[in-house]
Amino acid sequence: MQSYWERETLRHFDLIVVGGGIVGHSTALFYAESHPNARIAILERGLFPEGASTKNAGFACFGSIAELEHDLESLGAQRTVELVLKRFSGLQLLRQTLGDQAIDYHEVGGYELCFEAPDLERINFFNDLLEPALGARPYSVVQNNGFGFSDSVHSMIKNALEGTIDTGKMMAALQRKVAQLGVQTFTQSAVATIEDGPHGKLVCVETTSGPVELLTPQVALCTNAFSKDFLPEVDVQPGRGMVLVTKPNPAFDWEGSFHYHDGYHYFRTVDGRLLLGGGRQLDLEGESTTEAGINDRIKAQLLEDIQSFIAPGVPFEVDLCWSGTMAFGTDKNPVVQRVDDRTVAGIRLGGMGVAIGMGVGKELAGLLA
Ligand SMILES: Cc1cc2nc3c(=O)[nH]c(=O)nc-3n(C[C@H](O)[C@H](O)[C@H](O)COP(=O)(O)OP(=O)(O)OC[C@H]3O[C@@H](n4cnc5c(N)ncnc54)[C@H](O)[C@@H]3O)c2cc1C
């Protein structure tokens with residue numbers, strides 16, 4: 001039952017952002033900065049964001065050579081460089097906006113494990129390709145020593161410009177920043193429908209006390225993998241990913257962010273623990289779901305990888321295992337577009353949303369009135 005004040009004032013917003021991940025928060029942040037008097041709401045259906053933004057591995061990355069090989073094939077050279085630059089400048093934006101200390105950013109390097117001798121010509125090719133855009137030659141070969149990997153790891157290709165963040169601290173800093181700007185965040189508020197009303201959009205929210213209709217002249221959809229209900233025609237497919245963290249062990253005292261099998265598998269350390277994830281390609285069909293859950297086959301492979309070459313002979317215990325949901329399409333670029341005269345969407349962030357999420361939010365805020 002609504003009061004007069006709720007009906008006349010509190011349910012009215014100048015902007016409603018649906019989805020409280022990195023893109024939703026960033027959209028609200030940049031819109032609030034350029035419209036200081038606007039009443040802005042973020043509606044998130046989970047207590048914490050339920051997609052990817054608090055489930056990810058915290059790699060601040062923009063692409064290994066193996067990944068860029070695929071991009072080059074599908075996008076061509078110019079669009080590959082543009083994509084890398086979008087990720088690279090997105091990371092700079094994230095770091096500048098929130099601060100390295102607040103997000104616990106460490107430029108520890110990104111390492112691609114090579115199980116045979118790397119192709120030096122390809123490394124030179126990609127350094128040449130990216131140097132004009134990045135002002136640096138990011139890739140070099142380093143020997144396999146100091147990390148405790150088995151000898152099946154021949155060597156590694158290091159990307160000197162990549163690093164790691166603390167995902168939890170990053171989201172907390174983002175939440176703090178939008179709150180300081182007066183943005184209201186409503187959690188456990190799932191949006192059921194968005195319809196046209198006489199003066200704008202009617203956003204129907206499922207709450208613990210029943211449905212509530214909010215009114216706004218404009219909506220920003222930041223629902224990533226969960227966008228089909230609102231945008232059935234957009235090319236966006238869910239892709240689940242899993243991550244596990246071991247209990248602390250003195251063997252996990254090295255720093256760096258590592259990946260193998262074309263970037264599908266990745267690992268790093270955090271607080272003296274090993275964090276390992278990925279493996280979606282082992283069951284692409286099974287992992288094309290928005291349901292949370294652990295795929296036993298993928299988990300078993302990740303555990304075997306630890307024993308066989310990541311930390312052979314190191315006894316370890318898994319402390320925590322979780323899943324999150326990403327969004328993919330035939331094109332690796334995100335969808336940032338106007339949907340109708342009162343709705344915009346910033347979705348389909350793929351597997352490098354830490355890098356591009358804030359930039360997508362900024363672009364989306366620019367599309368709003
Ligand atoms: C396991 C895993 C590991 C990853 N590792 C990395 C990494 O190391 N580096 C990297 O760059 N990227 C990584 N990513 C990808 C990155 O996390 C995502 O690209 C990014 O977080 C997407 O942000 P988003 O805001 O677009 O989407 P999300 O974070 O998914 O946010 C969308 C939000 O919308 C909410 N929502 C959906 N429907 C509704 C509704 N009807 N009403 C209200 N709310 C709704 C959801 O609950 C969700 O919180 C990883 C992802 C996963 C899953």
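User: What is a polar contact, and which residue has a polar backbone atom 3.2 Å from an oxygen atom of the ligand?
Analyst: A polar contact is a pair of N or O atoms within 3.5 Å. In this predicted model, an oxygen atom of the ligand lies 3.2 Å from a polar backbone atom. The residue that supplies this backbone atom is G353.

User: How much of the accessible area that the ligand has on its own does the protein cover?
Analyst: On its own, the ligand has 1000 Å² of accessible area. The part of this area covered by the protein is 97%.

User: How many residues surround the ligand, and how do they divide into nonpolar, polar and charged?
Analyst: The ligand is surrounded by 40 residues, and E44, E50, S53, F59 and V354 are the closest. By type, the shell divides into 20 nonpolar, 16 polar and 4 charged residues.

User: Which domains each give at least three residues to the shell around the ligand?
Analyst: One contributor is made of three segments, 4–54, 170–235 and 331–367, and is domain 1. The other, with segments 109–162 and 236–328, also gives at least three residues. The two are domain 1 and domain 2.

User: Why does the distance between the end C-alpha atoms of α9 agree with the expected span, and what is that distance?
Analyst: Helix α9 has 15 residues, and at 1.5 Å a residue it should span 21 Å. The end C-alpha atoms are close to that expected value, so the two agree. Their distance is 20 Å.

User: Is V354 of α9 buried or exposed?
Analyst: A residue counts as buried under 20% relative accessible area. The α9 residues that meet this include G353, V354 and A355. V354 is therefore buried.

Key: Residues numbered from 1 in each chain as written. Predicted model: local features only at pLDDT ≥ 70, side-chain atom pairs only at ≥ 80, totals over all residues. Heavy atoms only, no water. Near = heavy atom within 4 Å. Polar contact = N/O pair within 3.5 Å; in protein donor to acceptor, adjacent residues only side chain to side chain. Areas by Shrake-Rupley, 256 points an atom, 1.4 Å probe, with all protein chains shown as cover. Nonpolar A, V, L, I, M, F, W, Y, C, P; charged D, E, K, R; others polar. Domains from an automatic or database assignment. Helix = DSSP H or I, 4+ residues; strand = E, 2+ residues; numbered from the N terminus. Expected span 1.5 Å × (residues − 1). Buried < 20%, exposed > 50% of the residue type's maximum accessible area, 1.4 Å probe, protein only.
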